[in-house]
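Student: I'd like a close look at the empty spaces in this structure, and at what surrounds them. Please take me through them slowly.

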Amino acid sequence: MFPSVRLRRLRRHPQLRELIRETQLSPKDLILPLFVRHGQDKKIPIPSMPGQFQLSIDHLVREVREIDALGIPGIILFGIPEKKDALGSDACSDSGIVQQAIRAIKDTNPSLLVMTDVCFCEFTDHGHCGVVHEETGRFDVDNDATLELLQEQAVSHARAGADMLAPSGMMDGMIEAIRNGLDEFGYDHLPIMSYAAKYSSGFYGPFREAAESAPQFGDRASYQMDPANGNEALREVELDVGEGADILMVKPALSYLDIIRRVKEGWPEVPLAAYNVSGEYAMVKAAAANGWIDEQRVTLEILTSIRRAGADMILTYHARDVARWLN
Ligand code: PBG
């Protein structure tokens with residue numbers, strides 16, 4: 001008549017709750033994205049991402065010192081160049097904004113893991129992730145022409161001292177192209193984190209403001225994935241693993257927890273990252289600023305759920321906050 005199995009027995013004692021906790025979240029699981037811009041003494045707030053800034057290199061270096069001290073293991077860099085052009089030339093230049101930033105960070109904080117986003121949308125005047133070719137009334141990104149430039153960009157990041165390359169443009173064959181380029185120039189020791197399953201998502205809105213990278217025409221649906229597709233994500237992952245991806249990524253995170261789970265189940269031996277993107281961050285910040293949710297509680301719940309779904313690591317703008325709360 002009364003239940004003999006009682007799960008609530010396990011929930012009564014706080015220490016016991018800790019002991020049976022299945023998922024752990026620590027600042028050691030997090031990677032902080034940072035925006036570096038040209039100029040001197042610039043720390044420009046990003047309105048749709050409270051607490052995040054476009055930083056000139058002098059500020060970036062100060063920031064990075066703090067991040068290191070907080071115990072966050074790594075950062076991923078996004079660059080906003082002084083000049084954009086059709087091919088995104090700054091992205092491949094040894095004196096480009098990202099390359100300068102890497103060198104400055106390596107001078108001051110050599111032990112921090114420095115990752116770079118390998119893509120063109122922040123560097124092209126049209127805002128697309130590669131070389132655009134126009135047919136009558138239609139545009140498209142030229143996959144294979146973009147591969148050559150991605151190779152150049154990756155090698156240039158490596159030469160500046162990057163520890164890991166993260167190609168995000170969703171070009172077919174990008175992992176193989178970058179792997180070959182790195183190997184050829186003596187960087188066979190550098191790992192690649194592939195944005196393997198990257199969706200065409202409205203959640204990137206604030207990022208595009210932050211990186212000044214909104215497409216000037218068209219959208220990214222010809223290279224990023226349809227949010228309606230799950231099986232296709234597994235095909236993307238399979239290709240990238242075959243091409244030598246060392247770490248996989250699913251992006252965004254929250255609306256794609258099922259994809260995170262399926263990728264982890266399909267490739268349990270490959271480390272998996274999830275990108276908790278700008279729009280996901282902005283929603284929490286906006287609701288918290290209105291007093292509608294408890295920011296700390298909701299943020300930790302979100303990040304824990306991404307870990308529970310199967311992500312080994314999370315790229316998140318909340319990294320600094322989390323480190324302060326948990327330390
Ligand atoms: C492309 C890139 C994007 C993000 C990371 N890398 C934007 C896009 O595809 O438009 C978005 C990250 C975020 O929203 O936080 N270089």
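Tutor: Let's start with the word we need: a cavity is a set of grid points where a 1.4 Å probe fits but cannot get out. Rolling a probe the size of a water molecule over the atoms shows where empty space is left. Keep in mind that this is a predicted model.

There are 4 cavities of 30 Å³ or more here, and the largest has a volume of about 100 Å³. Its lining is made of 13 residues, and the ones nearest its centre are Cys-121, Lys-198, Tyr-204, Phe-207 and Lys-251. Strand E9 (193-198) and helix H6 (205-210) are the elements that give two or more residues to that lining. Sort the lining by class and you get 5 nonpolar, 2 polar and 6 charged residues.

Two of those central names, Tyr-204 and Phe-207, lead us to a neighbour, since both are also in contact with Ser-278. Ser-278 belongs to helix H9 (residues 278-289). Its relative accessibility is 0%, so it counts as buried, the cut-off being under 20%. The Ser-278 side chain comes to 2.9 Å from the backbone nitrogen of Phe-207. Beyond its neighbours within four places in sequence, its contacts also include Met-49, Phe-203, Gly-205, Pro-206 and Tyr-317.

Now follow E9 to the second largest cavity, which holds about 70 Å³ of space. E9 and helix H7 (231-243) each supply at least two residues of this lining, with H7 giving the largest share, 4 residues. Among the lining residues are Met-170, Met-171, Asp-172, Gly-173 and Met-174, along with Tyr-195 and Glu-236. By class, this lining has 6 nonpolar, 1 polar and 4 charged residues.

Next comes the largest pocket, with about 400 Å³ of space. Unlike a cavity, a pocket is an open set of points. Arg-21, Thr-23, Gln-24 and Leu-25 are part of its lining, and so are Gln-296, Arg-297, Leu-300, Glu-301, Thr-304, Arg-308 and Leu-326. That makes 3 nonpolar, 4 polar and 4 charged residues. Helix H10 (residues 295-309) gives the most, with 6 residues.

H10 deserves a look of its own. It has 15 residues and reaches 21 Å from its first C-alpha to its last, close to the 21 Å expected at 1.5 Å a residue. Its N-terminal end is capped by Asp-294, where a side-chain oxygen lies 3.2 Å from the backbone nitrogen of Gln-296. After H10 comes Gly-310, with a positive phi near 135°.

Which way do the residues of H10 face? Leu-300 lines the pocket, and Leu-300 is also one of the buried residues of H10, a set that includes Thr-299, Ile-302, Leu-303, Ser-305 and Ile-306. The buried residues of H10 pack against helix H8 (257-266), strand E11 (272-276), H9, strand E12 (313-316) and helix H11 (319-326). That brings us back to H9, the helix where we found Ser-278.

Terms used
Residues are numbered from 1 along each chain as its sequence is written. This is a predicted model: local features need pLDDT of at least 70, side-chain atom pairs count only at pLDDT 80 or more; totals for chains, interfaces and linings use all residues. Side-chain values use heavy atoms; hydrogens and water are left out. On a 1 Å grid over the protein atoms alone, a cavity is a set of points where a 1.4 Å probe fits but cannot get out, and a pocket is an open set with protein on both sides within 12 Å along at least five of seven lines; lining residues have an atom within 4 Å of a point. Grid points are joined across faces, edges and corners, and a volume is the space filled by probe spheres set on the points. Ala, Val, Leu, Ile, Met, Phe, Trp, Tyr, Cys and Pro count as nonpolar, Asp, Glu, Lys and Arg as charged, and the others, Gly among them, as polar. Buried means under 20% relative accessible area, exposed over 50%, partly exposed in between (1.4 Å probe, protein chains only). A polar contact is a pair of N or O atoms within 3.5 Å; within protein, one must be able to donate a hydrogen and the other to accept it, and residues adjacent in sequence count only if both atoms are side-chain atoms. Contact means heavy atoms within 4.5 Å. The expected span of a helix is 1.5 Å times one less than its number of residues.
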